[in-house]
Amino acid sequence: MEPSPATSRGRAVGIDIGGSGIKGAPVDLGSGTFAADRVREPTPQPSTPDAVADVVAAIAGRWPDGPLGVTFPAVVKDGVTTTAANVDKAWIGTDAAGLLRARTGRPVHVVNDADAAGVAEARYGAAKDVRGVVVVATLGTGIGTALLHDGVLVPNTELGHLEVDGHDAETRASDAARDREDLSWKDWAKRLQRYFSALEALLQPDLLVIGGGVSKKSEKFLPHLDLRVPVVPAQLLNTAGIVGAAALAAEADLDPGTADATGSPG
Ligand code: BGC
């Protein structure tokens, strides 16, 4: 696919809000790489909206120019965070875009973390130029998913919460579950097999991209998986969230007076 005009030029700033760290960098949108060293601050505990917004504002202040995109590990509808599986429950119903705009003094585009990673892989990484249905699954504290068709994102799919064998899939098959239960790679791969088979049956994807920090060790578990769909590790690894958030912010209508930036008109 041709890169869109917005991604073939310029810079934007991306900030990735995670359960343990908040990371940011300016992104060169032509190459999808960092234009300066990444900054990382620990996520405040508890991770309330106010406390997190302060850290985001401090990081964003280092690069005051250009569109600002921020990822969040939950459903984000028109800038409002509507779920909170692995973060402070106070985020449910928070106008995250409005809060971050007030705190940073600039319009902010807020996007689900897996959606940002999926867009980054589709523009610059493992799913570049791939047509058809692509699922990007990020395996971390939870399981995030991005669903794309011909490079176009269907946002907020939340397929990490698919019920598999009577359980919310991410409670058994996330990387955190592997850690928590001290599973061998092979035993964890059995759970991934159950999960990805369910995904495959429901979505019939043409490509499955595995993201999240553990995708660096994909040789330990990918060989145990037996799926019809081709499975590949993500290419952007820990830069994907920042890069995707920046790319989406550059394409969003971030005029301060629009609903896109604030979640509410005016
Ligand atoms: C959340 C998703 C998020 C994923 C990865 C899940 O628990 O519901 O919104 O994308 O974790 O952080």
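What follows is a conversation between a biologist and a modeller about a predicted model of one chain.

Biologist: What makes the radius of gyration of this chain agree with that of a compact globule?

Modeller: For 266 residues a compact globule would have a radius of gyration near 18 Å, and the chain has 18 Å, which agrees. The C-alpha atoms fill a box of roughly 50 × 40 × 35 Å along the principal axes, and residues 24 or more positions apart account for 61% of the contacts with a separation of 6 or more.

Biologist: How many helices and strands does the chain have, and what share of its residues counts as buried?

Modeller: The chain has eight helices and 16 strands, and 52% of its 266 residues count as buried. Its accessible surface comes to about 11500 Å², of which 50% belongs to carbon and sulfur atoms. As for charge, there are 25 positive and 34 negative side chains, and the centres of the two sets lie 5 Å apart.

Biologist: How do you know that the span of helix α1 is close to the expected one?

Modeller: Helix α1 takes in residues 49-60, which makes 12 residues, and from its first C-alpha to its last it reaches 16 Å, close to the 16 Å expected at 1.5 Å a residue. Helix α3, residues 113-124, also has 12 residues and likewise reaches 16 Å, close to its expected 16 Å.

Biologist: Which residues of α1 are buried, and what covers them?

Modeller: The buried residues of α1 are P49, V52, A53, V55, V56, A57, I59 and A60. Their cover includes the strands β1 (11-17), β2 (21-28), β4 (39-42), β5 (68-72) and β8 (94-95), together with helix α2 (96-104). In α2 itself, A96, A97, G98, L99, L100 and T104 are buried, and just after that helix G105 takes a positive phi of about 75°.

Biologist: Why is α3 called mostly covered?

Modeller: A residue is called buried when its relative accessible area is under 20%, and 10 of the 12 residues of α3 are buried. Among them are the charged residues D115 and E121, as well as A114, G118, V119 and Y124.

Biologist: Why is T157 called buried?

Modeller: T157 has a relative accessible area of 18%, and the cut-off for buried is under 20%, so T157 is buried. T157 is found in the loop between β12 (152-154) and β13 (163-164), where, leaving aside neighbours within four places in sequence, it is in contact with T145, A146 and L147.

Biologist: L225 is in a loop too, the one between β15 (207-211) and β16; what makes L225 count as buried or exposed?

Modeller: At 14% relative accessibility, L225 is under the 20% limit and therefore counts as buried. Not counting residues up to four places away in sequence, L225 touches A189, L192, Q193 and F196. Of these, F196 is 29 residues from L225 in sequence, while the two C-alpha atoms are 8.8 Å apart in space.

Biologist: How do you know that the peptide bond from Q45 to P46 is cis?

Modeller: The omega of that bond is near -5°, and the bond is cis, whereas most peptide bonds are trans. P46 has its place in the loop between β4 and α1, and Q45 is found in that loop as well. With a relative accessible area of 60%, Q45 passes the cut-off of over 50% and is therefore exposed. Q45 and G19 are 26 residues apart in sequence and 9.2 Å apart in space, C-alpha to C-alpha.

Biologist: What makes the phi of D182 worth a remark?

Modeller: Most residues other than glycine have a negative phi. D182, which is not a glycine, has a positive phi near 50°. D182 is found in the loop between α5 (175-180) and α6 (185-203), and because its relative accessible area of 69% is over 50%, D182 is called exposed.

Biologist: Why is L237 called partly exposed?

Modeller: The relative accessibility of L237 is 34%, and partly exposed is the class between under 20% and over 50%, so L237 counts as partly exposed. L237 is found in the loop between β16 (231-233) and α7 (240-251), and has a positive phi of about 50° although it is not a glycine.

How values were computed: Residues are numbered from 1 along each chain as its sequence is written. This is a predicted model: local features need pLDDT of at least 70, side-chain atom pairs count only at pLDDT 80 or more; totals for chains, interfaces and linings use all residues. Side-chain values use heavy atoms; hydrogens and water are left out. Helices (H or I, at least four residues) and strands (E, at least two) are DSSP runs, numbered from the N terminus. The radius of gyration is taken over C-alpha atoms; the globule rule is 2.2 Å times the number of residues to the power 0.38. Buried means under 20% relative accessible area, exposed over 50%, partly exposed in between (1.4 Å probe, protein chains only). Contact means heavy atoms within 4.5 Å. Accessible areas come from the Shrake-Rupley method with a 1.4 Å probe; for residues, only the protein chains shown count as cover. The place of a charge is taken as NZ of Lys, CZ of Arg, CG of Asp or CD of Glu. The expected span of a helix is 1.5 Å times one less than its number of residues.
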